[in-house]
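Student: Could we take a close look at a single part of this model? I would like to follow one helix and the charged side chains around it.

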Amino acid sequence: MSVISSASEHLLAILRGPHTGVLTTLFPDGSPQSTPVWFLLDGDHILFSTTAGKQKLRNVDHDPRATFVVYDPANEMSYVEVRGTITASPDPTCDIRDRIVRKHGYLDGSAFDAPGTTRLTMRLTPTSISGR
């Protein structure tokens, strides 16, 4: 059983919602860097879309460990925390970006990128999930 499939329906509902979460990666010196991000629950993984050169990409190249937290805006005492490791891969068709922005009510993400922007997908593979 995967970490995601073992989560309660309440935690999964938060991850399925059109919320903004906070992704924390580690600088090479070990200190945390936190970034608000949109995301997509995709099976046993959480996906993020980003552009080439971002600090969070450089961080996971050095150390793939990450923590991701989302709170439920309808109930600020409800949240989910996912810990795991991140891998990055090219998203030349921007499919993941578009799937994420559709979750937030946009038709596609083309308005978010200048021409020639290189998109990458960051895939969080959970090792633990908790929350309330």
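Tutor: What follows is a description of helix α3 and its salt bridges. This is a predicted model, in which local features need pLDDT of at least 70 and side-chain atom pairs count only at pLDDT 80 or more, while totals for chains, interfaces and linings use all residues. Residues are numbered from 1 along each chain as its sequence is written, and side-chain values use heavy atoms, with hydrogens and water left out.

Helix α3 covers residues 95-103; helices here are DSSP runs of H or I with at least four residues, strands are E runs of at least two, and both are numbered from the N terminus. The buried residues of α3 are I96, R97, D98, I100, V101 and K103. Buried means under 20% relative accessible area, exposed over 50%, and partly exposed in between, with a 1.4 Å probe and protein chains only. Among the elements that cover these residues are α1, β3, β4 and β7, where contact means heavy atoms within 4.5 Å.

R97 counts as buried because its relative accessibility is 9%. Its side chain meets that of D113 in a salt bridge, 2.6 Å from N to O. The pair links distant parts of the chain, since D113 lies in the loop between α3 and β7, 16 residues apart from R97. A salt bridge is a side-chain nitrogen of Lys or Arg within 4 Å of a carboxyl oxygen of Asp or Glu. D113 is also buried, at 15%, and forms a salt bridge with R119 at 2.7 Å, N to O. R119 has 12% relative accessibility, so R119 counts as buried. Together with D98, the residues R97, D113 and R119 are linked in a network of salt bridges.
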